[in-house]
Amino acid sequence: MMVRRARVLILWAGCIAFAAFIVARAHYITDLSAFLPANPTPVQQLLVDQLRDGPATRLILIALEQGDAAARARVSAAMAGQLRKDPRFSSVNNGEAVAGQRDREFLFQHRYLLSEAVTAERFSASGLNAAMKETIDNLSSPAGLLFKTLLPRDPTGELLNIVDQLARAPSPQSRDGVWVSADATRALAVAQTAASGSDSDAQSEAIAAIRTAFATAAGDSRQGPNKGVQLRLSGPAVFAVAARAKIERAAVRLAIASSILVVALLLIVYRSLPALGLGLLPVTTGALVGVASVALGFGAVHGITLGFGITLIGESVDYSIYFFIQSRHVRNAAADRSWQQLWWPTVRLGMLASVCGFASLLPSGFPGLKQLGLYSISGLIAAALVTRFVLPALLPGDFAIRDVTPFGARVAARLQGVRRIGRAAIVLWSVALVMLAIVVLYHDRATLWNRELSALSPVSIEEQNYDAKLRADLGAADVRDLVIVSGPDQESILRSAERAAHALQGLVDDKTIGGFESPANYLPSMATQEIRRSSLPSASELSANLKQALDGLPLRADRLQPFLEDIEATRHAALVTSRDLAGTSLNAGFDALVLHRRDQWSALLPLRSAAAGGPIDMARVVAALKDAKLEDAQVLDLKQESDALYAGYLSEAIRFSLAGFLALTVLLLIALRSPLRVARVLAPLVLAVLAVATGLAIAGVQLTILHLVGMLLIVAVGSNYALFFDRQAHAEDGGSEALTLASLVIANASTVIGFGLLSFSQVPVLVALGTTVAPGAFLALLFAAIGAPAANAHAQHS
Amino acid sequence: MRLPLIVLCLMGALCGTVASGAPPPPFSDLNEVMGLLAMRQHGRVEFIEQHFLKVLNHPVESSGELRYDAPDRLEKRTIKPRAETLVLTGGVLTVERAHNKRVMDLHAYPQVQPFVESIRATLAGDRSALERLFHLEFTGSVARWTLTLIPVESKVKQSVAQVRIDGVRDQLLKVEIRQPDGDRSLMTLRPSTLP
């Protein structure tokens, strides 16, 4: 016996050590990917790339509010000046005219390769004549006069062409030299981080840098020239960082609070510190093993999986409660059989029932759910095994907890009162509940489930609206609609982007879309540049053409010598590559629109709607691209795609959950060998789930995937309750009903406390879980108790 | 990065638009002219503008209409050789040309602002606004005056050497802008005959 005990403990310690080792070395990820598909289709992959590293994820929108307009402008300028020097930002734009010099030099130097107007005809005698005539006309207008000094080098006005090319995107309004909102009550700026949007640590640092820059620029907010100016940030990275902090804070706070409450509860019940310590062993072992299994099974653990670790407390604390309290019965009765023999089979069956429920999460395409499934299964098995083998081995000889029989007896007496209403009444009430559920759920069937990914978002509606307002003011595409072309290298995608741009320009002209961006606007493909370069005439030819072209124009040929030289230089110069963009503000624009993953390159062409914020007729975009024979171009509506993805997960999860329920039924049929008993075990669980779903629907709450997980938990936890009542009724030694009831009520209280606390969190996913499981677990116990075959148990008791 | 370029465009533009002042002291006369100008609430004149540029063999010419509404709205509609509308209201300049429309805030470009301000402040009869940006020289009399404006700031001097405005009582006749490189523009104004 001693040897066996030692073996068990050594094995357990070894497992703990191994799990701890894995957990310590595991890789933890906190990005969005828990919500993204594990094995994406190509379109989904594009979506994933966008949500993770897309240009939108790197933008931080900065708004300055309150104070007076001049103060906001001063703070904006000072902040932007500081942030531009910060390598964590690839660009900072607040409407100020800066960084122009390097850009102008770049554009001017490469004007004959970058201008769309460059063709062979343009440098023929007639083409030159027309181009120069226009340039001279321009001299009498503001736009042209600026280029006056450039005229000897650029008589065809290519620089102006390029400027117009790049100026197609609308700019926000300016006041006092900086961008402002439409009502001029806010100064606006946009910072693009150097790090990708999925690097939440870097994003968090960038956000902190902006806040510091603001604090420095604004000075004292109560006095001084900039008093009252407030900073407000928005954008995906800001939301992600805030959400992470919120979830972490909530998880930590709730874990502490629920631990304290559960510990307090257990202390009150046990009146024994050793019991408390031992009682927590199954939970901690379960959590450790759960995380270790996920780390081993998936290679990395999602932060959110850990966040849900609290769910495990619900069931695994129960195991030790059952063990301690029910062991008492064994001792009281001086039975010749141990808890292991008497009760373990029931706990084991309950555990297996829960495993059936959680196993339905395993095949999900949603990595967050998959991990949660594995975590719960392995954690529960570990907790149950610790309860079965380790706790008895560790139990000190003089171990005693308070006798809870009187408490159980009081509960039993109450229960008798309720049961007295009679079987028929119970059935009637159950049928009424089911009918109500059917009516309510059927009535709300269209809106019952929220199929939008944003349902899981911890970003409040108010914050989302504010973000939309800033974007509208900035004229910034919210990068919702994209055309994406992919290829094996940068050149191929730039070529495709140029062809797509050609097709899209038609849509701009007929006002289907308001405009679009393309990386090829910043850097044309080599092929296009090569065509332009080879269209430049030789020095002698150009000289002859020019002479002819100048006929009748007020320009003198001898003044245009620099033009001839520049053309000749370009003819022998190298083509422009992405390296040449370095140091210009064009680089940020280009970088944001080009994605490079492994061997796959993608060019993004974000579309702007014709009316600000209006919808885009994507069917026409698709048709235009098809007409242009751009079959490989993908059109992506990010919101629609991500919602479709989530809706897919949701339907899948609902199907798998039903399958899990079926598996549970089969398991019970095998174990209990009686359809009636199985029905009696399942009925309270089904009723509890229906009651909770109906309650949520009546309260106007739309169900999300987390509510579904909550329902699985109701079934998982509730199946234990129902099985104990079943055992009470059918086992040869049912044991004291008072003790069984006491253990169940206390276990239930700990579950309701743990999940009830979640309901008070600010994080929607946690609230969803809490508001489902806390009432659900309570109702499951209540229904199981009321509906239990009391007569049998009673007979046995007497 | 497109903005600085546009700014420069506008700078050029404004060089063209801007009025110029004339010579020296009878400051009581200057005050009287300013007073007369300040009383005018609206103005509408035709303009012919000539740009004398070294790079060209002969001047280029444009024409159109200039409208003013007190105190700070100025519109320059060029009709020939190509249509272009330039509107200044409350320090914000809107340039519309062919299908392009650009809006810019002159506060952002201190080097541009004085040009606009010279003509706007003259039309508004706002002497103190003029003096914030220019040295003023007034010559002649109320009946026939010349106001010469010389930029105070060296940054501005790099693109404009002098603005000279000729006028009769509360009417502007000529606005000449001289640039440091010797190029200049001359805007001649006369009552509008346009519909």
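**Exercises on a predicted two-chain model**

In this predicted model, chain A has an average pLDDT of 82, and 89% of its residues score at least 70.

**Exercise 1.** Find where confidence in chain A is lowest and where it is highest.

Solution. Start with the low end: helix α32 (residues 790–797) of chain A has a mean of 42. At the high end stands helix α22 (residues 526–534) of chain A, at 94. Next, look at residues 791–798 of chain A, where the pLDDT is below 50. Beyond near neighbours in sequence, that stretch makes eight contacts in the model. Where pLDDT is low, predicted coordinates should not be read in detail.

**Exercise 2.** Check the length of helix α20 (residues 490–509) of chain A against its expected span, then describe its surroundings.

Solution. The helix holds 20 residues. The expected span is 1.5 Å times one less than the number of residues, so at 1.5 Å a residue α20 of chain A should span 28 Å. The C-alpha atoms at its ends are 28 Å apart, in agreement.

Now take the buried residues of α20(A), among them I493(A), L494(A), E498(A), L504(A) and L507(A). The buried residues of this helix pack against strands β9 (481–487), β10 (513–516) and β12 (600–609), and against helices α21 (519–522), α22 and α26 (618–627), of chain A. Finally, K511(A), just after α20(A), adopts a positive phi of about 65°.

**Exercise 3.** Summarise chain B by its elements, burial and contacts.

Solution. Chain B contains five helices and 11 strands. Of its 195 residues, 45% count as buried. Among contacts in chain B with a separation of 6 or more, 56% join residues 24 or more positions apart.

How values were computed. Residues numbered from 1 in each chain as written. Chains lettered and ligands numbered in written order. Predicted model: local features only at pLDDT ≥ 70, side-chain atom pairs only at ≥ 80, totals over all residues. pLDDT = per-residue confidence, 0-100. Helix = DSSP H or I, 4+ residues; strand = E, 2+ residues; numbered from the N terminus. Contact = placed C-beta atoms within 7 Å. Buried ≥ 20, exposed ≤ 12 C-beta atoms within 10 Å, placed from the backbone.
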